[in-house]
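Visitor: I am new to this structure, and I would like a close look at a single part of it. Could you take me slowly through the place where the protein meets the DNA?

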Amino acid sequence: MPELPEVETTRRGLAPHVEGRRVTGVVLRRPDLRWPIPPQVSNALPGQRIDAVRRRAKYLLLDTAVGSALLHLGMSGSLRVLPADTPLRAHDHVDLALDTGRVLRFNDPRRFGCLLWQPVGETHELLAGLGPEPLSDAFDGDYLYRLSRGRRAPVKTFLMDQAVVVGVGNIYAAEALFMAGIAPLREAGKVSRERYRRLAEAVKAILGYAITRGGTTLRDFISPDGAPGYFEQELSVYGRDGEPCRACGRALRLSTIGQRASVWCPACQR
DNA sequence: AATACGCCCTGCTGGC
DNA sequence: TGCCAGCAGGGCGTAT
């Protein structure tokens, strides 16, 4: 489920229920998700107050005075705040009990997500090599242009590289390239500065818009079924291979790029 | 350094 | 109807 807009939506939904609250207990029903859950989560976190819920890339950070719990939702993870006596469902792997009598519950069928720990003042290795936030001023067309010189990988692969820019997953990469009129297989190093400017603007526009759409799911956030689907009707290319381009009517094409399905318009994208 | 690819895991869909 | 291959919104680790 989660790309950056959904992680940000999760953060916004969580914050009012979690910020300022104290963690009264941790229940791990599995010792590991993608990686083993480090002992600090059980040892250091209980008793701490969560001062802030932050997002970096697709990671959520629960900040306390001694360190931050670091969560990634992978491809199938979700977080909900629930009454402590809410019956468990399959794949409810972790509960953080809060002093409000509620629990922050982490569910993740595929277990591609993780729960890690970052001591105060340190940056976890996984966060160290990440590129800029796409909605920050550090990310713009000139940045993409500079970084892409000499790169022979397809521009879509380049855009999805978390060391280049974070948070752009398979859906939004496809959508942004369509909006910018750039063919996803084009060599990253051969895209002009002007076109990278359009691409950066497209990334910002689409992610920003999707976050506002995610906002509409906020009110359901606590409800048992928080399945969003907020963006689906508005997709231009993702998942629409063979269907007509909404702009020109040509059949959209499917290519596999970097082992990911990639749909694009052979007429509108060059 | 950049690139290519296998792989972690479960659940669902579509074709037979 | 049942079965199973293929695929899914991510991204790390390793080899080249």
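Guide: This is a predicted model, and in it DNA strand B is surrounded by His91, Pro109, Arg110, Arg111, Phe112, Arg151, Arg152, Ala153 and Gln259. Sorted by class, the surface near DNA strand B consists of four charged, three nonpolar and two polar residues. If we turn to the side of the DNA, 59% of the atoms of strand B within 4 Å of the protein belong to sugar or phosphate, while the rest belong to bases.

Some individual atom pairs can be picked out along this surface. Arg152 has a polar backbone atom that lies 2.7 Å from a phosphate oxygen of DNA strand B, and for Arg151 an N or O atom of the side chain is 3.3 Å from a phosphate oxygen of that strand. At Pro109, a backbone N or O atom is found 3.5 Å from a sugar or linking oxygen of DNA strand B.

For some context beyond the DNA, we can look at the protein's interior. The largest nonpolar core has 28 residues, of which Leu144, Leu159, Val168, Tyr196 and Leu199 touch the most other members. Two or more residues come from each of α4 (141-148), α5 (155-160), α6 (170-180) and α7 (193-215), with α7 giving the largest share, eight residues. Within this part of the protein, Leu159 is in contact with Val165, Val168, Ala173, Leu177, Leu199 and Val203, leaving aside its neighbours within four places in sequence. Apart from this core lies another, of 24 residues, which include Ile37, Leu45, Leu71 and Phe106.

Conventions: Residues numbered from 1 in each chain as written. Chains lettered and ligands numbered in written order. Predicted model: local features only at pLDDT ≥ 70, side-chain atom pairs only at ≥ 80, totals over all residues. Heavy atoms only, no water. Core = buried A, V, L, I, M, F, W, Y, C linked by side-chain atoms within 4.5 Å. Buried < 20%, exposed > 50% of the residue type's maximum accessible area, 1.4 Å probe, protein only. Helix = DSSP H or I, 4+ residues; strand = E, 2+ residues; numbered from the N terminus. Contact = heavy atoms within 4.5 Å. Near = heavy atom within 4 Å. Polar contact = N/O pair within 3.5 Å; in protein donor to acceptor, adjacent residues only side chain to side chain. Nonpolar A, V, L, I, M, F, W, Y, C, P; charged D, E, K, R; others polar.
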